[in-house]
Amino acid sequence: MKIYFCGSIRGGREDVDLYLKIVKKLQNYGTVMTEHVSNTQLTRKGEDGSAAGDRFIHDRDVDWLRQCDVVVAEVTQPSLGVGYELGRVVDMKKKTLCLFRPSTGRVLSAMIRGADNGEWFVVRDYSEDEVENRLAEFFNTLKRT
């Protein structure tokens, strides 16, 4: 199974340690195409050294979105890029899990929470100690469909 993981890069790296924990759990379910999102050395500047720059990153990531089987997004840290990716996957009707931590005091965008259709696009509130269970619930649901 090919898994596309979304997390904030240029929008802020405050949750990178959590991203690493999530990516490690996701590897139990398949190949994480975007494990670089959890790289603690990656800064808010994003991927440096890409000869083609932002266009390359955009085109590569959209291609990965097309190729993936499922999408898992940690959406607590607001990110224009993650929002863009989620808009694309809604259009593609990809099986998607969005994870949000209300304990941060943030409020999730209505455009994300409102896209939850209970079937192929789901949003789940969670705390850090519940992440493994939320992932298991999501992937177990996939097995039944």
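**Strands, salt bridges and a pocket: a short tour**

Let me begin with a pair of residues in neighbouring strands: valine 72 stands opposite leucine 97, which belongs to β4. What we are looking at is a predicted model, and I will keep to what can be computed from it.

The two strands behind that pair are β3 and β4, which run in the parallel sense and are joined over 5 bridges. Of the 6 residues in β4, 5 are buried, so that the strand is mostly covered by definition of the term, namely under 20% relative accessible area. As a general point, in a regular strand the side chains alternate between the two faces of the sheet.

Leucine 97 also leads us to another strand, because its C-alpha atom and that of valine 122 are separated by 5.1 Å, although the two residues are 25 places apart along the chain. Valine 122 has its place in strand β5, and with a relative accessibility of 6% valine 122 counts as buried. What does valine 122 touch, if we leave out residues up to four places away in sequence? The contacts are Thr96, Leu97, Cys98, Asp116 and Phe138.

I turn now to the charged pairs, where the count comes to 9 salt bridges; I will go through three of them. In one of these, aspartate 15 pairs with arginine 101, and the closest N and O atoms are 3.1 Å apart. This pair links distant parts of the chain, since aspartate 15 sits in the loop between β1 and α1, whereas arginine 101 sits in the loop between β4 and α4, 86 residues away. Are these two residues buried or exposed? Aspartate 15 is buried, having a relative accessible area of 9%, and arginine 101 is buried as well, at 6%.

Arginine 101 has a further partner, for it forms a salt bridge with glutamate 74 in which the closest N and O atoms are 2.9 Å apart. Because glutamate 74 lies in strand β3 and arginine 101 in the loop between β4 and α4, this pair ties together parts that are 27 residues apart in sequence. Glutamate 74 and arginine 101 are both buried, and taken with Asp15 they are linked in a network of salt bridges.

The third example joins arginine 113 to aspartate 125, with the closest N and O atoms 2.9 Å apart. Here the link runs from helix α4, which holds arginine 113, to strand β5, which holds aspartate 125, and the two are 12 residues apart. Arginine 113 counts as partly exposed at 35% relative accessibility, and aspartate 125 is likewise partly exposed, with a relative accessible area of 33%.

Let me finish with empty space in the model. In general, rolling a probe the size of a water molecule over the atoms shows where such space is left. The largest pocket holds about 580 Å³, and the elements that each give two or more residues to its lining are β1, α2 and α3. Which element gives the most to that lining? It is α2, with 7 residues. The lining has 26 residues, and those nearest the centre of the pocket are Arg10, Ile57, Asp61, Gly81 and Glu85. Sorted by class, the lining of the largest pocket comprises 11 nonpolar, 9 polar and 6 charged residues.

Technical notes: Residues are numbered from 1 along each chain as its sequence is written. This is a predicted model: local features need pLDDT of at least 70, side-chain atom pairs count only at pLDDT 80 or more; totals for chains, interfaces and linings use all residues. Side-chain values use heavy atoms; hydrogens and water are left out. On a 1 Å grid over the protein atoms alone, a cavity is a set of points where a 1.4 Å probe fits but cannot get out, and a pocket is an open set with protein on both sides within 12 Å along at least five of seven lines; lining residues have an atom within 4 Å of a point. Grid points are joined across faces, edges and corners, and a volume is the space filled by probe spheres set on the points. Helices (H or I, at least four residues) and strands (E, at least two) are DSSP runs, numbered from the N terminus. Ala, Val, Leu, Ile, Met, Phe, Trp, Tyr, Cys and Pro count as nonpolar, Asp, Glu, Lys and Arg as charged, and the others, Gly among them, as polar. A salt bridge is a side-chain nitrogen of Lys or Arg within 4 Å of a carboxyl oxygen of Asp or Glu. Buried means under 20% relative accessible area, exposed over 50%, partly exposed in between (1.4 Å probe, protein chains only). Contact means heavy atoms within 4.5 Å. Two strands pair if DSSP finds at least two bridges between them.
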